[in-house]
Amino acid sequence: MSRVDYDRLADAYARHRRADGAVLAALAAAVGPTSRVLEVGCGTGNYITALEERVGCRCVGVDPSGEMLKRLRVRNRRVGESAGSAENLPFPNDTFDLVFSVDVIHHVRDRPRAFAEALRVLRAGGLICTATDSEWVIRNRLMAEYFPSIVAVEMGRYPAIDRLRTEMTAAGFSEIREELTETPYQLTDAAPYRERVFSALSLIDEASFASGLSRLEADLAKGPVHGVARYTLLWAVRK
């Protein structure tokens with residue numbers, strides 16, 4: 001399976017990707033103005049900038065893509081940024097009250113090490129939130145309706161929820177709980193799909209991509225296409 005070049009996708013991400021309202025609300029409810037928050041795999045900063053603007057907490061984003069971080073700097077200079085990976089966080093021990101990631105965990109090569117790093121940089125009583133997709137969410141995405149071959153690709157990339165629970169427990173987290181968020185939306189433009197800002201669209205064959213895009217554009221010509229964005233949030237505590 002080919003790797004996705006996120007430096008190349010930075011402009012398209014900045015144009016088309018937005019923070020999910022329900023996920024953002026859940027994160028905002030977990031922190032306050034004095035909290036220190038780290039987003040792992042922050043990309044162009046959709047979530048970490050929105051969280052800083054909503055709550056006023058002290059926020060930092062880390063990402064391996066320099067081009068993504070450039071867009072974050074332009075968006076909100078109050079948010080700190082640092083090049084790095086989930087497995088090697090460039091921060092001291094006991095620094096943050098919340099460490100979170102959204103749609104990132106399936107990109108992490110060494111999840112046990114990443115969870116150990118999150119535990120290390122969290123303060124006692126701090127929270128981790130891993131926003132990901134369960135098998136049910138993957139199979140019920142709008143994208144799967146138009147690009148059905150994506151399901152097999154995603155099932156090969158996304159770790160099972162039970163596996164993530166086991167790895168978080170092994171790292172030393174406790175009080176693990178799941179939260180399912182849902183955000184209804186109307187799609188009016190196929191541009192995000194045409195520009196493949198969803199990484200899985202770069203991993204299916206060209207015939208499947210072209211066929212799905214054609215069907216989506218035909219439906220959009222008749223009016224908005226309705227969907228529901230869903231995430232499984234895995235919360236846990238560092239004791």
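How many of the 239 residues of the protein chain count as buried? The answer is 54%, and keep in mind throughout that this is a predicted model. Let's start with the overall build and then work inwards.

The protein chain has 11 helices and seven strands. Its radius of gyration is 18 Å, close to the 18 Å that the globule rule gives for 239 residues, so the chain is as compact as a globular protein of that length. If you draw a box along the principal axes, the C-alpha atoms fill roughly 50 × 35 × 30 Å. As for how the sequence folds back on itself, take the contacts between residues at least 6 apart in sequence: 75% of them join residues at least 24 apart.

Now for the inside. In soluble globular proteins, nonpolar side chains tend to be buried together. Here the largest nonpolar core has 27 residues, and Leu38 and Phe173 are the ones with the most contacts inside it. Plenty of elements chip in: strands E1 (36-40), E2 (58-63), E4 (96-102), E5 (122-132), E6 (173-187) and E7 (225-238), along with helices H5 (111-121) and H9 (161-171), each supply at least two residues. H5 gives the most, with five residues. Apart from this core lies another, of 26 residues, including Ala26, Val31, Val79 and Phe100.

Leu38 is a good place to park your viewer for a moment. Setting aside neighbours within four places in sequence, Leu38 is in contact with Val60, Val62, Leu89, Phe91, Phe96, Leu98, Val99, Phe100 and Val121.

Next, swing over to helix H11, residues 206-220. From its first C-alpha to its last, this 15-residue helix reaches 21 Å, close to the 21 Å expected at 1.5 Å a residue. Its buried residues are Phe209, Gly212, Leu213, Leu216 and Leu220. Seen down the axis of H11, they fall within an arc of 100°, so they line one face of the helix. That spacing is a familiar one: an α-helix has 3.6 residues a turn, so residues three or four places apart point the same way. And what sits over that face? The cover on the buried residues of H11 includes helix H7 (142-146), E6, helix H10 (191-194) and E7. At the N-terminal end of H11, Asp205 acts as the cap, with a side-chain oxygen 3.2 Å from the backbone nitrogen of Ala207.

Helix H4 (residues 66-75) is the place to find Glu67. The buried residues of H4 are Met68, Leu69, Arg71 and Leu72. They cover an arc of only 155° around the axis, which puts them on the same side of H4. Is Glu67 itself buried or partly exposed? With a relative accessible area of 25%, Glu67 counts as partly exposed because buried means under 20%. Its side chain is joined to that of Arg71 by a polar contact of 2.7 Å. Glu67 also sits 8.7 Å from Gly43, C-alpha to C-alpha, with their positions 24 residues apart in sequence counted as the separation.

Last stop: Ser134, in the loop between E5 and helix H6 (135-139). Ser134 has a relative accessible area of 16%, so this loop residue is buried, the cut-off being 20%. Leaving out residues up to four places away in sequence, Ser134 touches Ile161 and Thr232. Of these elements, E5 also supplies at least two residues of the 27-residue core.

How values were computed:
Residues are numbered from 1 along each chain as its sequence is written. This is a predicted model: local features need pLDDT of at least 70, side-chain atom pairs count only at pLDDT 80 or more; totals for chains, interfaces and linings use all residues. Side-chain values use heavy atoms; hydrogens and water are left out. A nonpolar core is a set of buried Ala, Val, Leu, Ile, Met, Phe, Trp, Tyr and Cys residues joined through side-chain atoms within 4.5 Å. Buried means under 20% relative accessible area, exposed over 50%, partly exposed in between (1.4 Å probe, protein chains only). Helices (H or I, at least four residues) and strands (E, at least two) are DSSP runs, numbered from the N terminus. Contact means heavy atoms within 4.5 Å. The expected span of a helix is 1.5 Å times one less than its number of residues. The arc is that of the directions from the helix axis to the C-beta atoms. A polar contact is a pair of N or O atoms within 3.5 Å; within protein, one must be able to donate a hydrogen and the other to accept it, and residues adjacent in sequence count only if both atoms are side-chain atoms. The radius of gyration is taken over C-alpha atoms; the globule rule is 2.2 Å times the number of residues to the power 0.38.
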